Amino acid sequence: MHKIVTGAIAGAAGIALLLGGAGTFALWNASASSAASSVSSGTLTLSANNDGAWKDITNGRNAAINPTTALMVPGNSYQFTQTLNIGATGQDLKANLTYAGGSITGDAALLAATDKTLAVSSSSASVVKSSSADNTYVVSPSSTTSTVKVVFTVTLPSTATTGQGGSINLSALTFTLTQTAIGS
């Protein structure tokens, strides 16, 4: 008899646990839909025009050069000018424009010896030099399509003692545009 009573108590406890885990059952329930529409994201794109050109700007020169045949010596400065198109849609959109250092390859000694600088200007976007990063400009497009002019300069200082006979490959020079957070 003791086994029957113990079994009945255990069974009742199991049923109580199962019912307790089921929660409450509500008979009344309601919901409502609204006409809140949808929210869409903007866009940010960067493309290069086919107008890139090199020139020798050493000592005030302004001569077109072919970078594959020009031989740089200490004291020379060569400049590449390119027009970029920025496509931007969305409120409060601004982005950092710079060049990707990893897109420049070649002889390690010559890479280390040269100075590389970037200048950016535009008549259709606000452009401000970044105070926190070298060769970086904060661009705030004023319309859905803005044009910026980038001027990339590579200089072999007159004090350079390394890099002789080397070459720098700029054929894959890449410019990057990275959105910045609002308020930064």
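This report describes the fold, the aromatic pairs, the largest pocket and a few individual residues of one protein chain.

The structure is a predicted model. Its secondary structure comes to 2 helices and 12 strands, and read along the sequence these elements follow the pattern α-β-β-β-β-β-β-α-β-β-β-β-β-β. The chain has 184 residues, of which 27% are buried. When contacts between residues at least 6 apart in sequence are considered, 75% of them join residues at least 24 apart. The accessible surface of the chain is about 12000 Å², and carbon and sulfur atoms account for 56% of that surface.

**Aromatic pairs**

A search of the whole structure finds 2 aromatic pairs. Trp 54 and Phe 80 form a tilted pair, with 5.3 Å from centre to centre and 45° between the planes. This pair links distant parts of the chain, since Trp 54 belongs to strand E2 (residues 53-56) and Phe 80 to strand E4 (residues 77-89), with their positions 26 residues apart in sequence. Both Trp 54 and Phe 80 are buried.

The rings of Tyr 99 and Phe 152 have centres 5.0 Å apart and planes at 75°, so this pair is edge-to-face; the angle satisfies the requirement of over 60 degrees for that class. Here too the pair links distant parts of the chain, with Tyr 99 in strand E5 (residues 95-99) and Phe 152 in strand E10 (residues 145-155), 53 residues apart. Tyr 99 counts as buried because its relative accessibility is 14%, and Phe 152 is buried with a relative accessible area of 0%.

**The largest pocket**

The largest pocket has a volume of about 750 Å³. Its lining consists of 35 residues, and those that lie nearest the centre of the pocket are Pro 67, Tyr 78, Ile 168, Asn 169 and Leu 170. The elements that give two or more residues to this lining are strand E1 (43-48), E4 and strand E11 (168-169). The largest share, 4 residues, comes from E4, the strand that also holds Phe 80 of the tilted pair. By class, the lining of the largest pocket has 21 nonpolar and 14 polar residues, and no charged residues.

**Individual residues in loops and strands**

Two residues other than glycine have a positive phi and lie in loops. Ser 37, which is not a glycine, has a phi of about 70° and is found in the loop between helix H1 (2-21) and E1. With a relative accessible area of 71%, Ser 37 is exposed, because exposure requires a value over 50%. For Asn 135, also a residue other than glycine, phi is near 55°, and the residue lies in the loop between strand E8 (125-129) and strand E9 (137-141). Asn 135 counts as buried at 15% relative accessibility, because that value is under the 20% cut-off.

Val 120 and Ser 142 provide two further local views, the former in a strand and the latter in a loop. Val 120 lies in strand E7 (residues 115-121) and counts as buried at 11% relative accessibility. Leaving aside residues up to four places away in sequence, Val 120 touches Leu 97, Val 127, Tyr 137, Val 148, Lys 149 and Val 150. The C-alpha atoms of Val 120 and Thr 83 are 9.7 Å apart in space, while the two residues are 37 residues apart in sequence.

Ser 142 is placed in the loop between E9 and E10, and with a relative accessible area of 58% it is exposed. Under the exclusion of residues up to four places away in sequence, Ser 142 touches Ser 124 and Ala 125. From C-alpha to C-alpha, Ser 142 and Leu 93 are 9.4 Å apart in space, with a separation of 49 residues in sequence.

The table gathers relative accessibility for residues discussed above.

| Residue | Relative accessible area | Class |
|---|---|---|
| Tyr 99 | 14% | Tyr 99 is buried |
| Phe 152 | 0% | Phe 152 is buried |
| Ser 37 | 71% | Ser 37 is exposed |
| Asn 135 | 15% | Asn 135 is buried |
| Val 120 | 11% | Val 120 is buried |
| Ser 142 | 58% | Ser 142 is exposed |

Definitions and conventions. Residues numbered from 1 in each chain as written. Predicted model: local features only at pLDDT ≥ 70, side-chain atom pairs only at ≥ 80, totals over all residues. Heavy atoms only, no water. Phe/Tyr/Trp six-rings, centres within 6.5 Å; stacked < 30°, edge-to-face > 60°. Buried < 20%, exposed > 50% of the residue type's maximum accessible area, 1.4 Å probe, protein only. 1 Å grid on protein atoms, 1.4 Å probe; cavity = no way out; pocket = protein on both sides within 12 Å on 5 of 7 lines; lining within 4 Å. Points joined across faces, edges and corners; volume = space filled by probe spheres on them. Nonpolar A, V, L, I, M, F, W, Y, C, P; charged D, E, K, R; others polar. Contact = heavy atoms within 4.5 Å. Areas by Shrake-Rupley, 256 points an atom, 1.4 Å probe, with all protein chains shown as cover.
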